[in-house]
Amino acid sequence: MTRRIAVFGATGSIGINTLDVIGQLGGSSAFEITALTGHANVEKLARQAIDHRAAMAVTADESRYGDLKDALAGTGITAAAGASGLDEAASMQNDIVMAAIVGTAGLAPTLKAAAAGADIALANKECLVSAGPLFMDAVQRGGGTLIPVDSEHSAIFQVFEEHQRRALDRVIITASGGPFRTKTLEEMRHVDAATARAHPNWSMGLKISIDSASMFNKALEMIEAQHLFRLTPDQVEVVVHPQSIIHSMVGYADGSILAQLGAPDMRTAIGYALAYPERRPLAVERLDFAKLARLDFEAPDETRFPALKLARRAMERGGLQGAVLNGAKEVALEAFIEGRCGFLEMADITEAVMDALDDLKTATSIDDIYAADGEARRRAAELVNA
Ligand code: NAD
Ligand code: MG
């Protein structure tokens, strides 16, 4: 039986790996692709849609609609654009949706797909960071299954024994430490985007690579884990593990710790999500422990990586602090990429905005999230320009 799948963010790093995995899992004999979505790169999107025989291709960038339509002329593939196009893709009676749009733009279509009852393979972090309770609620009411794709959360999901919840001690999220793990605070003050994007282990999109260097990525992942696995803030721990072989762990009250290990390749987590609840063969590198020889661990340094401290604060405060942290961080990140803000200033700006907006209430609708996100962005932009 084929499963109907939509891939949101098909042209990105996760999207491309997802199409590779779909091929490995049997291609059109296993999956019917209802929709592929992209943004500016409509040439690539059209190519993917043709190669993978998608029923529809959606560019989120409305101004590129004409180009997409031209590129798909005569193929029988429907072209669509903008928020309404994404909405349509989310409503196509999908069995499963790969949610791999980067940033807050991924929120509305993923919420929609969850409410429509699709299983959600979740790569996008903002759904949980900015809208955790709202998103979890939408999934539950839609009746689909939420399967994390972020490698740490996939690891936790794979070894999380729900029936042992009462004996749950903590989850331990591993962090590679990124390219600046051994840099001094003074050296970190002067790094630029080109240095920051060079991740030692994982090959990823631009923003997430820089977020890994500042450990804002790990901060987002702490909040993701809190909502996804219904944890208290003190149940979320981070350990630096430079080899990225252990993807995360779950500790139980009897002292046992269960871990998931593998080569750092997102296709394992993607394949797990797409084949769930089964495990299917994937052509990914097998670990050779004799070659690995050693696995190292160290405590994270919250002085050089203040993002971790901010995540803990957001988890403890709750409400809209996740949305505020994320919105402010995204503005600071853009500014850093464009050379308008220093590497360490990203955390200073985020912290100031979080403290200024810590009276924001719990979200009851997606509009509350957008409002908090917008206000956080506005204030962060003011600080960047100050
Ligand atoms: P990417 O930048 O490579 O791709 C992003 C995708 O989103 C592209 O298809 C792009 O066209 C689309 N997009 C960009 N702006 C958009 C907009 N305004 N509206 C609609 N679509 C838009 O990013 P990525 O590395 O593939 O990451 C995707 C998501 O998965 C991110 O949220 C990231 O944090 C998360 N994630 C990625 C990895 C990884 O290894 N790359 C690992 C874990 C989690
Ligand atoms: Mg991750």
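Which residues are the protein donors of the magnesium ion (ligand 2)? The legends below address this question first, for a predicted model.

**View 1. Protein donors of the magnesium ion (ligand 2).** The donors are Asp 150 (OD), Glu 152 (OE) and Glu 221 (OE), at 2.0 to 2.1 Å from the ion. Along the sequence, these donor residues follow the spacing D-x1-E-x68-E. Asp 150 and Glu 152 are both buried.

**View 2. Residues around ligand 1.** The shell around ligand 1 holds 22 residues, of which Thr 11, Ser 13, Ile 14, His 39 and Asp 150 come nearest. Asp 150 is also one of the protein donors of the magnesium ion (ligand 2). By residue class, the shell around ligand 1 comprises 11 nonpolar, eight polar and three charged residues.

**View 3. Backbone contacts to oxygen atoms of ligand 1.** A backbone N or O atom of Ser 13 is 2.9 Å from an oxygen atom of ligand 1. For Gly 12, a backbone N or O atom lies at 3.1 Å from a ligand 1 oxygen atom. A polar backbone atom of Gly 9 lies 3.2 Å from an oxygen atom of ligand 1. On its own, ligand 1 has 830 Å² of accessible area, and the protein covers 84% of this area.

**View 4. Placement of ligand 1 between two domains.** Domain 1 spans residues 3–148, and domain 2 comprises 151–264 + 286–301. Ligand 1 lies between these domains because both give residues to the shell around it.

Methods:
Residues numbered from 1 in each chain as written. Chains lettered and ligands numbered in written order. Predicted model: local features only at pLDDT ≥ 70, side-chain atom pairs only at ≥ 80, totals over all residues. Heavy atoms only, no water. Near = heavy atom within 4 Å. Polar contact = N/O pair within 3.5 Å; in protein donor to acceptor, adjacent residues only side chain to side chain. Areas by Shrake-Rupley, 256 points an atom, 1.4 Å probe, with all protein chains shown as cover. Nonpolar A, V, L, I, M, F, W, Y, C, P; charged D, E, K, R; others polar. Domains from an automatic or database assignment. Donors = N, O, S within 2.8 Å, 3.2 Å for Na, K, Ca; no water. Buried < 20%, exposed > 50% of the residue type's maximum accessible area, 1.4 Å probe, protein only.
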